[in-house]
Amino acid sequence: MSASVPATQRIPHVDHVGSLLRPKELVELRIAYHAGKCSAAELKALEDEVVPKMVQLQKNLGLTVINDGEVRRAVYNDGIFGSLEGMTVPYLPFVTMFSAMGIKGFTSAKCTGKLRRTKPIHAHEFVSVREYVAANDVPNVKMTMCPPTWKHLQHGSDHTYDHNVYKNDAEYFGDVEKAYREEIQELYSLGCRRIQFDDPGFAFFCSEGMIAGMQSLGEDYDKLLDTYIGVYNAITADWPTDLVFTVHTCRGNMKGLHFSEGGYEHVAEKLFKTLNVDAFYLEYDTERAGGLEPLQYLPPGKHAVLGLVTTKSGALEDLETIKERVRRAAEIIAHGDPERPYAEALNQLAISPQCGFASVFEGNPITEEEERQKLALVVEAARQIWG
């Protein structure tokens, strides 16, 4: 990335986070697939039919950044860690964040050998969308990815990797970074120009309860945040200037549930100023996300996508309230450090739903028509605010 290409020229003022509601028949078939009652080929055949419908839905609504709605995934973070050589699936304790939530363990993936990317991971998802957009719209196809820090966030240094394989976090993350860069390079070669990391972990650092829980476990949360930012910056460094990197963070979104609370005060200055991405997709649909004041730390050249519309229920937000919150956010940024004209601050903002509509394939408690109305609402709000 380069400051010579301002993010505000490459990031639209309206978007959606990623996952969309699957049709009922696809949900049912995936349930059958996980129960061993249908084949992967049968599941893929139906996914192939659904993808162009997802693309058309987004086009019809006036969205310019397009993806496949994550319909080929069971969970939003499927992909890299399940595909790297060196990973196995044992029962693991949750250590870092999830122990602070009272979750003690879960079947997960542990690094038991040297991590290597031996095959494409997300290429099939990107290519399946690319064929349904015009050639000049291919750079607007967005690929969402599991955060590179995810397994470490769950299991900590003691359980993320075998210490006979990696002696410390630096060695482990070095191979994680290499795998991510190789995957992104392949996607770039296919025409992908938008990468979004979906990382609820950054919002977990906002929670007083989780911070207290980490401290009780002897974890230095501030140092850990520095480590995670460093991992991202190693992945996003030194790419062509037409490649857009963004990060989405929320407080949990499994079937309408959330897992943490707390405003961005704990992380905003460090995250906005030192994480080397073009835009931050921020949950702002309820009081548990806190106020807009932390946006004062958003530096020139970076973008904040305000998640002002909830995906957790079908109740439709008020258009004028959305517009007023965007105006208030622009005022805060304009009076931030450094100060800047209001028009410049407003241009650094965008709006979206606060998260996906189906972070897990069963989806949130919301209908397809309510989903359409919410997406149409953010499109109309952006039209009225920015033209």
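This section describes the salt bridges, aromatic contacts and internal cavities of a predicted model.

Salt bridges were counted first, and the total came to 24. One of them joins Asp278 to Arg10, with a separation of 3.0 Å from N to O. Asp278 is located in the loop between helix 9 (268-274) and strand 8 (279-283), whereas Arg10 belongs to the segment before helix 1 (24-34); the bridge therefore links distant parts of the chain, 268 residues apart. Asp278 and Arg10 are each buried.

A further salt bridge is formed by Asp15 and Lys142, whose closest N and O atoms are 3.1 Å apart. This pair, too, links distant parts of the chain: Asp15 is in the segment before helix 1 and Lys142 in strand 5, at a distance of 127 residues in sequence. Asp15 has a relative accessible area of 3% and is therefore buried. Lys142 likewise counts as buried, because its relative accessibility is 5%, and the cut-off for burial is under 20%.

Arg30 and Glu47 also meet through their side chains in a salt bridge, at 3.0 Å from N to O. Since Arg30 is part of helix 1 and Glu47 part of helix 2 (residues 40-61), the pair ties together parts that lie 17 residues apart in sequence. Arg30 and Glu47 are both buried. The bridge does not stand alone, as Arg30, Lys44, Glu47, Asp48 and Arg72 are linked in a network of salt bridges. Arg30 has an aromatic contact as well: its charged end sits over the ring of Phe361, 5.9 Å from the ring centre. A second contact of this kind involves Arg193, the charged end of which sits over the ring of Tyr188 at 3.6 Å from the centre.

Val360 was examined in the loop between strand 10 (349-353) and helix 12 (368-386). With a relative accessibility of 12%, Val360 counts as buried. The C-alpha atom of Val360 is separated by 9.8 Å from that of Val71, although the two residues are 289 residues apart along the chain.

Contacts between aromatic rings were considered next. A pair of aromatic rings is described by the distance of the centres and the angle of the planes. The model contains 14 aromatic pairs. Among them is the pair of Tyr180 and Phe197, with 6.3 Å from centre to centre and 40 degrees between the planes, an arrangement classed as tilted. Tyr180 is found in helix 5 (residues 169-189) and Phe197 in strand 6 (residues 194-198), so the pair ties together parts separated by 17 residues in sequence. Both rings belong to buried residues, Tyr180 and Phe197. Tyr180 and Phe197 are also members of one aromatic cluster, which further includes Phe81, Phe202, Tyr232, Trp239 and Phe245.

The search for internal space covered the whole structure and found two cavities of 30 Å³ or more. The largest cavity holds about 60 Å³ of space. Its lining is made up of Ile11, Pro12, Asp15, Val65, Lys142, Arg194, Ile195, Gln196, Val244, Thr246 and Tyr281. Strand 6 and strand 7 (244-249) are the elements that give two or more residues to this lining. Strand 6 supplies the largest share, three residues. By class, the lining of the largest cavity comprises six nonpolar, two polar and three charged residues. Asp15 and Lys142, both found in this lining, are the partners of the salt bridge described above.

The second largest cavity encloses about 40 Å³ of space. The residues that line the second largest cavity are Asn67, Asp68, Arg73, Glu125, Val129, Val141, Lys142, Met143 and Thr144. Two or more residues of this lining come from each of helix 3 (123-130) and strand 5 (142-145). Strand 5 contributes the most, with three residues. Three of the lining residues are nonpolar, two are polar and four are charged. Lys142 appears in the lining of the largest cavity and again in that of the second largest.

Definitions and conventions. Residues are numbered from 1 along each chain as its sequence is written. This is a predicted model: local features need pLDDT of at least 70, side-chain atom pairs count only at pLDDT 80 or more; totals for chains, interfaces and linings use all residues. Side-chain values use heavy atoms; hydrogens and water are left out. Rings of Phe, Tyr and Trp (its six-membered ring) pair if their centres lie within 6.5 Å; planes under 30 degrees apart count as stacked, over 60 as edge-to-face and the rest as tilted. Helices (H or I, at least four residues) and strands (E, at least two) are DSSP runs, numbered from the N terminus. Buried means under 20% relative accessible area, exposed over 50%, partly exposed in between (1.4 Å probe, protein chains only). A charge sits over a ring if NZ of Lys or CZ of Arg is within 6 Å of the ring centre and within 35 degrees of the ring normal. On a 1 Å grid over the protein atoms alone, a cavity is a set of points where a 1.4 Å probe fits but cannot get out, and a pocket is an open set with protein on both sides within 12 Å along at least five of seven lines; lining residues have an atom within 4 Å of a point. Grid points are joined across faces, edges and corners, and a volume is the space filled by probe spheres set on the points. Ala, Val, Leu, Ile, Met, Phe, Trp, Tyr, Cys and Pro count as nonpolar, Asp, Glu, Lys and Arg as charged, and the others, Gly among them, as polar. A salt bridge is a side-chain nitrogen of Lys or Arg within 4 Å of a carboxyl oxygen of Asp or Glu.
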